[in-house]
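Q: I'd like a close look at one part of this model rather than a quick tour of everything. Could you talk me through it slowly, as you would at the bench?

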Amino acid sequence: MRTQVSVQNRSDLYEMPGPVLIPEGVYEAKLVDVRHFANAFGDRAGLVFEIADGSHKGITLMESAALKDSPLGKFALLLRGLGGVDGSMQAAQALIGQRCRIAVRHGATKAGKPYGAIVQTFQ
């Protein structure tokens, strides 16, 4: 059974009890979901990754990005790192199940709550 989670806050996507902040670094992962949503910043896409190996295996992280047509936008760059050819939702959906590596860095919300941000995807 899969737990329902909110895409409004990245830290809510961790499927372990309590807040889990994985260490910064590079992890083997798999794209498990692509979510479309809107917030105060407009239309967004959330790429949900599950760590595939190591002591953090099974932890899910999401990185969101604006849905823009720009080939230099964050969404397009993350998809290209997965082997995608453009930054469309259709291309993102087609990549579900694709394994890759993700680079995770820590960030903090305006309220000071820490989260793990996916800053890069690559093969």
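The part to look at is the sheet: in what order do its strands sit, and which charged side chains meet in salt bridges?

A: Sure, with one thing to keep in mind: this is a predicted model. The mean pLDDT of the chain is 87, and 85% of its residues reach 70 or more. The weak spot is residues 3–8, where the pLDDT is below 50; that stretch still makes twelve contacts in the model beyond near neighbours in sequence. Where pLDDT is low, the predicted coordinates should not be read in detail.

Let's set the scene. The chain has two helices and five strands, and along the sequence they come in the pattern β-β-β-α-α-β-β. The five strands make an open sheet, in the order 3-2-1-4-5, with antiparallel pairing. Strand 3 (60–66) and strand 5 sit at the edges, each pairing on one side only. On average, neighbouring strands in this sheet are turned by 40° against each other, direction ignored.

Now go to strand 1 (residues 25–39). On one side, ten bridges join strand 1 to strand 2, running antiparallel. A handy landmark there is Ala-38, which stands opposite Asp-43 in strand 2. On the other side, strand 1 is joined to strand 4 (residues 99–108) by six bridges, again antiparallel. Here you can use Glu-28, whose bridge partner in strand 4 is Arg-101.

Strand 4 then pairs with strand 5 (residues 114–122) through eight antiparallel bridges. At that end, Ala-108 has Pro-114 as its bridge partner in strand 5. The hairpin of strand 4 and strand 5 has five residues between the strands, and Gly-112 takes a positive phi near 90° there.

With the backbone laid out, turn to the charges. Side chains of opposite charge can pair when their charged atoms come close. The structure holds three salt bridges.

Start with Arg-35 and Asp-33, whose closest N and O atoms are 2.8 Å apart. Arg-35 counts as buried because its relative accessibility is 17%, under the 20% cut-off. Asp-33 comes out at 22%, so it counts as partly exposed.

Next, Asp-53 and Arg-99 meet in a salt bridge at 3.3 Å, N to O. This pair links distant parts of the chain: Asp-53 lies in the loop between strand 2 and strand 3, Arg-99 lies in strand 4, and they are 46 residues apart. Asp-53 is partly exposed because its relative accessibility is 40%, and Arg-99 is partly exposed too, at 42%.

The remaining pair is Lys-74 with Glu-63, at 2.4 Å, N to O. This one also links distant parts of the chain, with Lys-74 in helix 1 (residues 74–81) and Glu-63 in strand 3, eleven residues apart. Glu-63 has a relative accessible area of 2%, so it is buried. Lys-74 is partly exposed because its value is 37%.

Glu-63 turns up again when you look at Arg-44. Arg-44 belongs to strand 2 (residues 42–51). Arg-44 is buried yet makes no salt bridge: Glu-63 is the nearest side chain of opposite charge, and it is 6.3 Å away. That gap rules out a salt bridge because the N and O atoms have to be within 4 Å. So who does Arg-44 touch? Setting aside neighbours within four places in sequence, its contacts are Arg-35, His-36, Phe-37, Asn-39, Ser-64, Ala-65, Ala-66 and Leu-67. Arg-35 in that list is the residue that pairs with Asp-33.

Last, follow Lys-74 into helix 1. The buried residues of the helix are Phe-75, Ala-76, Leu-78, Leu-79 and Gly-81. They pack against strand 2, strand 3, helix 2 (89–94) and strand 5. Just past helix 1 comes Gly-83, with a positive phi near 105°.

To put the sheet back into the whole chain: 41% of the 123 residues count as buried. Among contacts with a separation of 6 or more, 49% are between residues 24 or more positions apart.

Notes: Residues are numbered from 1 along each chain as its sequence is written. This is a predicted model: local features need pLDDT of at least 70, side-chain atom pairs count only at pLDDT 80 or more; totals for chains, interfaces and linings use all residues. Side-chain values use heavy atoms; hydrogens and water are left out. Two strands pair if DSSP finds at least two bridges between them. Helices (H or I, at least four residues) and strands (E, at least two) are DSSP runs, numbered from the N terminus. Buried means under 20% relative accessible area, exposed over 50%, partly exposed in between (1.4 Å probe, protein chains only). Lys and Arg count as positive and Asp and Glu as negative; His and the chain ends are not counted. Contact means heavy atoms within 4.5 Å. Axes are lines fitted to C-alpha atoms, for helices over the stretch in contact, and angles run from 0 to 180 degrees between N-to-C directions. pLDDT is the predictor's confidence in each residue, from 0 to 100.
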